[in-house]
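Please look over the sequence and the structure shown below before reading on. The paragraphs that follow lead through the fold one part at a time.

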Amino acid sequence: MKTIQLTDKNVVQQILNSADLLTYRKDAIDFNLTNQSGYYTVNAKSLNRPSNSYGLGSLLVFKTAFTVQIYIPHLGYNYNIYLRVASELGVWGDWVNIRG
């Protein structure tokens with residue numbers, strides 16, 4: 001078990017970072033290769049994002065035995081949020097619009 005020392009008022013962020021759940025990982029260049037837990041910046045040049053989705057936003061990645069990606073376009077563009085899952089072998093399922 002990993003032990004951390006909580007040192008300031010950002011306790012929740014420290015806990016999330018200690019588990020690598022929401023650590024900022026920079027730009028998502030290719031969604032298919034973005035499989036480390038954390039959150040990423042998405043831009044119009046990011047590859048393999050959902051078809052016809054707005055090109056600016058954030059990508060959340062949760063990695064366990066399988067990988068879950070949640071793409072949230074900037075400013076809730078058209079209120080769409082997308083999700084997909086990769087198997088243990090790294091085979092991606094289709095993007096699903098979970099809100100829209």
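**A walk through the sheet**

Leaving aside residues up to four places away in sequence, Tyr39 touches Leu22, Thr23, Tyr24, Arg25, Lys26, Leu59 and Leu60, where contact means heavy atoms within 4.5 Å. The model is a predicted one, in which local features need pLDDT of at least 70 and side-chain atom pairs count only at pLDDT 80 or more, whereas totals for chains, interfaces and linings use all residues. Residues are numbered from 1 along each chain as its sequence is written, and side-chain values use heavy atoms, with hydrogens and water left out.

Tyr39 itself lies in strand β2; helices (H or I, at least four residues) and strands (E, at least two) are DSSP runs, numbered from the N terminus. With a relative accessible area of 33%, Tyr39 is partly exposed, a class that falls between buried, under 20% relative accessible area, and exposed, over 50%, as judged with a 1.4 Å probe and protein chains only. In β3, the residue standing opposite Tyr39 is Leu60. The C-alpha atoms of Tyr39 and Tyr71 are separated by 9.7 Å, although their positions lie 32 residues apart along the chain when counted as a separation in sequence.

How are the strands ordered in the sheet? The sheet is open and has 6 strands in the order β1-β2-β3-β4-β5-β6, with mixed pairing, and two strands are taken to pair if DSSP finds at least two bridges between them. Because β1 and β6 stand at the edges with a single partner strand each, one side of each is left without a neighbour in the sheet. On average, neighbouring strands of this sheet are turned by 25° against each other, direction ignored; the axes are lines fitted to C-alpha atoms, for helices over the stretch in contact, and angles run from 0 to 180 degrees between N-to-C directions.

Within this sheet, β2 and β3 (residues 57–63) are paired in the antiparallel sense over 5 bridges, and Tyr40 stands opposite Leu59 of β3. On to the next pair: β3 is joined by 7 bridges to β4 (residues 67–73), and these two strands run antiparallel. Gly57 has Pro73 in β4 as its bridge partner, and β3 and β4 form a hairpin with 3 residues between them.

The largest nonpolar core has 8 residues in all, namely Ala28, Phe31, Tyr40, Val42, Leu59, Val61, Tyr71 and Tyr82. Such a core is a set of buried Ala, Val, Leu, Ile, Met, Phe, Trp, Tyr and Cys residues joined through side-chain atoms within 4.5 Å. At least two residues of this core are supplied by β2, and at least two by β3.

The loops can be taken next. Ser37 is found in the loop between β1 (24–27) and β2 (38–42), and Ser37 counts as buried because its relative accessibility is 10%. A polar atom of the Ser37 side chain lies 2.8 Å from the backbone nitrogen of Lys63.

Asn80 has its place in the loop between β4 and β5, and a relative accessible area of 14% is why Asn80 is classed as buried. Which side chains does that of Asn80 join through polar contacts? One polar contact, of 3.4 Å, joins the side chains of Asn80 and Tyr82, and another, of 2.9 Å, joins those of Asn80 and Asn97. A polar contact here is a pair of N or O atoms within 3.5 Å; within protein, one must be able to donate a hydrogen and the other to accept it, and residues adjacent in sequence count only if both atoms are side-chain atoms.

In the loop between β5 (81–86) and β6 (96–99) lies Gly93, which counts as partly exposed at 32% relative accessibility. Not counting residues up to four places away in sequence, Gly93 touches Arg84 and Val85, and its C-alpha atom is separated by 9.4 Å from that of Leu83, 10 residues apart along the chain.

Two residues remain, and both concern the backbone. Lys26, placed in strand β1, has a positive phi of about 85° although it is not a glycine, and at 57% relative accessibility Lys26 counts as exposed. Asn48, which lies in the loop between β2 and β3, has a positive phi of about 65°, again without being a glycine, and its relative accessibility of 36% makes Asn48 partly exposed.
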